[in-house]
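Trainee: I'm new to this structure and would love a close look at just one part of it. Could you walk me through the sheet, please?

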Amino acid sequence: MSIRAVVWDVDDTLFDYTAADRAGMRGHLLAEGLLDGYDSVEEALVRWRRVTDAQWARFSAGEATFQGQRRDRVRVFLGAELTDAEADEWFERYIGHYEAAWALFPDVLPVLDALAASHRHAVLSNSSLTVQDRKLRVLGVHDRFETILCAAELGVSKPEAGAFHAACAALDLAPHQVAYVGDHPEIDGRGAADAGLLSVWIDRDGAYTSDDGPGGPRRIASLAELPALLGADTRFGAPSTFR
């Protein structure tokens with residue numbers, strides 16, 4: 001049966017989260033006068049990313065709330081005992097710099113336009129609806145999606161099959177009728193494939209070298225390859241290089 005809908009990850013798939021996070025944290029650290037303890041801005045950014053990844057893993061495992069992992073990111077990064085209010089205020093100051101750098105990847109609007117008539121569209125993110133709903137509105141693509149589902153509200157997160165099946169249920173489609181597009185080879189790629197969806201792994205910078213083989217995620221380097229992979233009758237015109 002043909003693919004009738006595409007469910008999208010947001011961060012580092014539609015939205016250039018990594019670039020925005022780096023630019024936002026760089027500006028925030030400069031504004032806060034927090035670079036003296038580091039040899040370089042890059043060293044501070046690497047530490048922030050490691051702390052973020054560790055705390056996000058706790059949230060994904062159900063060991064922390066969404067707001068709790070944000071507060072703990074601040075406390076661990078600063079190495080300070082902060083009240084909830086102090087941690088929230090620090091994070092909000094960072095958010096101001098981060099949001100100033102928000103942008104879609106340049107291949108996003110063309111592919112959404114190309115697939116608008118042929119496929120339904122939804123979002124499944126491991127973030128929270130409060131965050132992603134606003135982000136998609138600011139980026140001007142909120143109305144492109146029938147439904148937006150997030151782990152914080154679902155109570156289950158990728159790569160658990162239940163998260164992907166919840167998105168399929170929201171569209172009233174079977175998993176084999178749905179494609180999932182995400183940037184992480186395990187959380188998105190392997191998770192969607194194991195859940196029975198057509199899994200499309202967007203690997204823009206070629207950072208990973210693994211190849212799952214038959215039955216695994218279809219790996220693409222640009223969203224321009226997606227219409228051909230889905231068999232969509234469009235005029236997108238991009239050659240497919242998926243493997």
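Mentor: Happy to! In this predicted model, 6 strands form an open sheet, and reading across it gives the order β3-β2-β1-β4-β5-β6, with parallel pairing. As background, the strands of a sheet pair through backbone hydrogen bonds, and this can be parallel or antiparallel. Now look at the two edges, where you will find β3 (148–150) and β6 (218–220). Each of these has a single partner strand, so one side of each is left without a neighbour in the sheet. The sheet also has a turn from strand to strand: ignoring direction, neighbouring strands are turned by 25 degrees against each other on average.

Let's zoom in on the β6 edge. Its link to β5 (residues 198–202) consists of 3 bridges, and the two strands run parallel. To find your place there, look for Trp201, which stands opposite Arg219 in β6. A helix joins the picture here too: α9 (residues 185–194) packs on the sheet, where it touches β4 (178–182) as well as β5. The direction of α9 makes about 160 degrees with that of β5.

For a contrast with the strands, glance at helix α4 (residues 84–99), whose 16 residues reach 22 Å from the first C-alpha to the last. Its buried residues include Trp90, Phe91 and Tyr94. Seen down the axis of α4, the buried residues fall within an arc of 150 degrees, so they line one face of the helix. Those buried residues pack against other helices, namely α1 (17–32), α2 (41–60), α3 (66–78) and α6 (129–138).

Definitions and conventions:
Residues numbered from 1 in each chain as written. Predicted model: local features only at pLDDT ≥ 70, side-chain atom pairs only at ≥ 80, totals over all residues. Heavy atoms only, no water. Helix = DSSP H or I, 4+ residues; strand = E, 2+ residues; numbered from the N terminus. Expected span 1.5 Å × (residues − 1). Buried < 20%, exposed > 50% of the residue type's maximum accessible area, 1.4 Å probe, protein only. Arc of directions from axis to C-beta. Contact = heavy atoms within 4.5 Å. Pairing = 2+ DSSP bridges. Axes fitted to C-alpha atoms, helices over the stretch in contact; angles between N-to-C directions.
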